Number of protein chains: 2
Amino acid sequence: MPAESDCSEMLDSETKAVETPEDHADELRLWLRLLTCTTLIEGEVRGRLRQRFDVTLPRFDLMAQLDKAPDGMTLSDVSKRMMVSNGNVTGLVERLVESGHLDRRTSETDRRVQVIRLTKLGRGEFRRMAAEHETWIADLFADLSPKDVRELMRLLAKTKASAQKSAARRRP
Amino acid sequence: MPAESDCSEMLDSETKAVETPEDHADELRLWLRLLTCTTLIEGEVRGRLRQRFDVTLPRFDLMAQLDKAPDGMTLSDVSKRMMVSNGNVTGLVERLVESGHLDRRTSETDRRVQVIRLTKLGRGEFRRMAAEHETWIADLFADLSPKDVRELMRLLAKTKASAQKSAARRRP
DNA sequence: CCAAATTGTTTTAAGCCTAAAATGTTTTCC
DNA sequence: GGAAAACATTTTAGGCTTAAAACAATTTGG
């Protein structure tokens with residue numbers, strides 16, 4: 001039985017050349033679990049929004065962004081914040097303007113830019129939905145202690161930073 | 001300044017009746033952070049799969065399920081495992097059969113059931129992709145220590161259980 | 001046995017989403 | 001000043017996704 005080099009503390013970078021097929025099963029499992037949690041909660045929230053308010057999750061998310069920005073946002077801002085493509089936002093906004101929830105106008109100072117805001121109707125509806133939404137989330141996380149919540153926040157912040165760094169490495 | 005009741009340890013259930021608009025901001029922030037992490041990583045993986053292998057993430061995920069089931073799976077199985085709708089799987093499978101990655105046949109014992117398997121081509125391509133995929137995930141989580149990974153696993157397991165319980169409460 | 005309920009899949013209609021190309025606008029910088 | 005680069009948005013083409021209804025086959029309980 002050959003001595004198994006663990007590789008967890010690789011001090012000599014030349015050792016890398018032995019090309020051990022490293023085991024990343026734990027990270028893979030972690031990723032799958034993260035994905036499962038998100039999918040589960042997201043599906044639950046989506047269903048409740050539809051049943052209670054007949055609204056889709058993306059629409060709710062977009063309104064949530066705008067609720068935090070009383071002076072409006074540009075489509076690019078929204079796109080970055082929501083981490084979705086530009087074209088996606090265009091369509092989403094179109095439908096929400098159509099339904100009277102959003103107001104869209106071309107910027108006075110830069111005619112490339114569209115500024116969108118919640119209408120009075122949109123803000124009212126959003127606030128009602130958000131209040132209930134918050135209780136759903138609280139219920140979904142109900143079995144986590146305050147300490148669990150803090151610890152998860154910390155670890156997810158670290159995860160986010162790690163992923164952003166990795167993404168930047170690839171696409172500098 | 002009124003004494004602020006914290007409500008974190010509610011021992012008397014009648015106290016609930018005072019209808020304090022409880023503060024669930026922490027849970028909300030946690031949910032948003034969870035969603036951000038997932039979206040970030042998912043987007044990164046999606047992009048790499050497309051660039052390196054010209055394959056979509058849902059196709060990859062479906063093949064991953066089948067790779068773990070040498071004897072094949074029914075569409076319902078896949079649908080439950082992937083946590084997506086039945087109709088979604090139908091279309092996904094259709095395209096993967098079309099491209100020669102999947103084999104689909106009607107069960108001998110139950111003519112409602114469709115059993116799908118990876119073809120030799122599908123399995124080969126998947127294995128190649130999966131090997132590289134694993135290194136991407138490892139890189140995305142690179143800044144987490146083994147202890148962080150374990151702790152996240154534990155907390156996410158707890159989160160999953162909590163969310164499932166909450167979902168079951170609503171839809172028993 | 002057979003009607004009713006259940007289960008597995010597909011279809012439908014609508015909306016979401018992406019990447020890439022196209023369009024129009026502004027900024028940069030020679 | 002004007003060409004080139006950068007930017008904001010829309011369009012395009014294709015695929016993903018859902019909920020609900022429809023269809024088909026099997027199981028269940030009188």
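Start by selecting helix 5 of chain A in this predicted model, and colour its buried residues, which are A:G122, A:F126, A:M129, A:H133, A:W136, A:I137, A:A138 and A:L140. If you then display what surrounds them, you will find that these buried residues pack within chain A against helix 1 (25-53), helix 2 and strand 3 (114-118), and across to chain B against helix 1 (25-53) and helix 6 (146-170). A distance drawn between the end C-alpha atoms of helix 5 of chain A, residues 120-140, comes to 30 Å, and this agrees with expectation because 21 residues at 1.5 Å a residue should span 30 Å.

Next, widen the selection to the whole of chain A, where six helices and three strands make up the secondary structure, arranged along the sequence as α-α-β-α-α-β-β-α-α. Of its 172 residues, 38% count as buried, and the chain exposes about 10600 Å², with carbon and sulfur atoms supplying 49% of that area. Among the contacts in chain A with a separation of 6 or more, 50% join residues that lie 24 or more positions apart.

Now select DNA strand C together with the 24 residues that surround it, the closest being A:S85, A:R95, B:S76, B:N86 and B:R112. Sugar and phosphate account for 80% of the strand C atoms that come within 4 Å of the protein. By residue type, this surface divides into six nonpolar, 10 polar and eight charged. At least two of its residues come from each of helix 2 (57-67) and helix 4 (86-98) of chain A, and likewise from each of helix 3 (75-82) and helix 4 (86-98) of chain B; the largest share, four residues, belongs to helix 4 of chain A.

With strand C still displayed, zoom in on three residues of chain A. The side chain of A:R59 places an N or O atom 2.8 Å from a phosphate oxygen of the strand, whereas at A:S85 a backbone N or O atom lies 2.7 Å from a phosphate oxygen. At A:R112, by contrast, the partner is a base oxygen, 3.4 Å from a polar side-chain atom.

Finally, move to chain B and select B:V78, which sits in helix 3. Is B:V78 buried or exposed? Its relative accessibility is 0%, and B:V78 therefore counts as buried. Leaving aside residues up to four places away in sequence, B:V78 touches B:L62, B:M73, B:V89 and B:I116. A C-alpha to C-alpha distance drawn from B:V78 to B:D61 comes to 10.0 Å, for two residues that are 17 residues apart in sequence.

How values were computed. Residues numbered from 1 in each chain as written. Chains lettered and ligands numbered in written order. Predicted model: local features only at pLDDT ≥ 70, side-chain atom pairs only at ≥ 80, totals over all residues. Heavy atoms only, no water. Near = heavy atom within 4 Å. Polar contact = N/O pair within 3.5 Å; in protein donor to acceptor, adjacent residues only side chain to side chain. Nonpolar A, V, L, I, M, F, W, Y, C, P; charged D, E, K, R; others polar. Expected span 1.5 Å × (residues − 1). Buried < 20%, exposed > 50% of the residue type's maximum accessible area, 1.4 Å probe, protein only. Contact = heavy atoms within 4.5 Å. Areas by Shrake-Rupley, 256 points an atom, 1.4 Å probe, with all protein chains shown as cover.
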